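The following note sets out points for a colleague examining this model. Please read each point beside the coordinates.

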Amino acid sequence: MTGMPAVPGINYRAPLASGLRPGILHRSGDMTAFTAEDAGVLAGPGGLRSALDLRSAPEVERYGPPSALLAHGVRWLRVPLSGYPRDPIAARRPTVADRTRYLHGILTDAVPGSWAHLFRTLARVADRPFLLSCHFGKDRTGLVVAVLLALAGASPREICADYAAGRADLIAKADRFKDKWTRRGHTREEYISRLCTSPETMEHWLDEVNARYGRIETALEAQGVRADDLVRVRRLLTADAPAVSGASVHPAAHTVRAVSADGARDGGR
């Protein structure tokens, strides 16, 4: 299975990382922006079967469904991650510390049951290529992909690099959402600074999870994720790689582990 070339403005890619089954995981922002041609490549040569939408209900109402993907037979599955606080990134130019707190809020403060619902869905569909997407493909998608990569056995370096890889595309996307930065009274430059991703942010988040929980399984189980879903998703991502428990998520270590989601209030990026 293969993906397709990067599409400017959509922040699309099919991550490549140690342990991850090639072609199984795709990520993007704004799945409504795929053209018919894009969707045809993903659903045809790419083998894409499911699109998991992390957007909140208000976001879907504002921007609509992924029509091109639906027209090519891709299943659209609503698994919203929302309800977490936005205060940590309220500054016009959020710091790495601000962004780290924001990411952690997505994990711990999303609508109860969100992560468990996402993970149940992944356990059902991750046997075939699937797409994860939110509004920008940056924070919610970035966090879920980070956890899945770690679950598959990717190194912290790979996880941090993938999180930061969308920076140029996100900046190119700024004008598509001019309504957002004008509504908030931000300048274009300030809004672009909010779109930038960095490996340092993800590294700090991995450090924080390690300090608080020791391993991602513990954090996810605290959000209601079931152990059998963790095991199944890891197996599907890694083509029957043996399950390993108890791994640290410190960047000096080598693994994290799992993922899940649902929710329903207007949320993040």
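1. In this predicted model, helices H5 and H13 share a contact to which H5 contributes Phe 119, Arg 120, Leu 122 and Ala 123. The residues they meet in H13 are Asp 229, Leu 230, Arg 232, Val 233 and Leu 236. By class, the residues of this H5–H13 contact comprise six nonpolar and three charged, with no polar ones.

2. The geometry of this pair may be stated briefly. Two packed helices are described by the distance between their axes and the angle between them. For H5 (residues 114–125) and H13 (residues 227–238), the axes come within 9 Å and cross at roughly 45°. H5 is therefore oblique to H13. The handedness of the H5–H13 crossing is left-handed.

3. Asp 229, one of the H13 residues that meet H5, also takes part in a salt bridge with Arg 226, in which the closest N and O atoms are 3.3 Å apart. The two partners fall into separate accessibility classes: Asp 229 counts as buried because its relative accessibility is 6%, whereas Arg 226, at 43%, counts as partly exposed.

4. How many salt bridges does the model contain? The count comes to ten. One of them joins the side chains of Arg 13 and Asp 162, at 3.1 Å from N to O. This pair links distant parts of the chain, with the two positions 149 residues apart in numbering: Arg 13 belongs to the segment before strand S1 (25–29), and Asp 162 to helix H7 (residues 156–164).

5. Are the partners of that bridge, Arg 13 and Asp 162, buried or exposed? Arg 13 has a relative accessibility of 14% and so counts as buried. Asp 162 is likewise buried, its relative accessible area being 10%. The pair also belongs to a wider arrangement, since Arg 13, Arg 27 and Asp 162 are linked in a network of salt bridges.

6. A further salt bridge is formed by Arg 215 and Glu 217, whose closest N and O atoms lie 3.8 Å apart. Arg 215 is partly exposed, with a relative accessible area of 25%. Glu 217, by contrast, counts as buried at 4% relative accessibility.

7. Asp 53 merits a separate entry. This residue is found in strand S2 (residues 50–53). With a relative accessible area of 0%, Asp 53 is buried. Which residues does Asp 53 touch, not counting those up to four places away in sequence? They are Met 31, Val 60, Trp 76, Leu 77, Arg 78, Val 79, Pro 80 and Ser 133.

8. Ile 89 is located in the loop between strand S3 (75–78) and helix H4 (96–108). Although a loop residue, Ile 89 counts as buried, at 6% relative accessibility. Its C-alpha lies 8.4 Å from that of Arg 101, a residue twelve positions away in sequence.

9. Backbone conformation deserves attention at two positions. Most residues other than glycine have a negative phi. Asn 11, which is not a glycine, nevertheless has a positive phi of about 55°. Asn 11 is placed in the segment before S1 and is buried, with a relative accessible area of 2%.

10. The second such position is Asp 30, again not a glycine, with a positive phi of about 40°. Asp 30 sits in the loop between S1 and helix H1 (36–43). At 2% relative accessibility, Asp 30 counts as buried.

11. Finally, the chain as a whole. Its secondary structure comprises 13 helices and four strands. Of the 269 residues in the protein chain, 58% are buried. Among the contacts between residues at least 6 apart in sequence, 79% join residues that are at least 24 apart.

Technical notes: Residues are numbered from 1 along each chain as its sequence is written. This is a predicted model: local features need pLDDT of at least 70, side-chain atom pairs count only at pLDDT 80 or more; totals for chains, interfaces and linings use all residues. Side-chain values use heavy atoms; hydrogens and water are left out. Axes are lines fitted to C-alpha atoms, for helices over the stretch in contact, and angles run from 0 to 180 degrees between N-to-C directions. Angles under 35 degrees count as roughly parallel, over 145 as roughly antiparallel, 65 to 115 as roughly perpendicular and the rest as oblique. A crossing is left-handed if the near helix is turned anticlockwise from the far one by less than a right angle, and right-handed if clockwise. Contact means heavy atoms within 4.5 Å. Ala, Val, Leu, Ile, Met, Phe, Trp, Tyr, Cys and Pro count as nonpolar, Asp, Glu, Lys and Arg as charged, and the others, Gly among them, as polar. A salt bridge is a side-chain nitrogen of Lys or Arg within 4 Å of a carboxyl oxygen of Asp or Glu. Buried means under 20% relative accessible area, exposed over 50%, partly exposed in between (1.4 Å probe, protein chains only).
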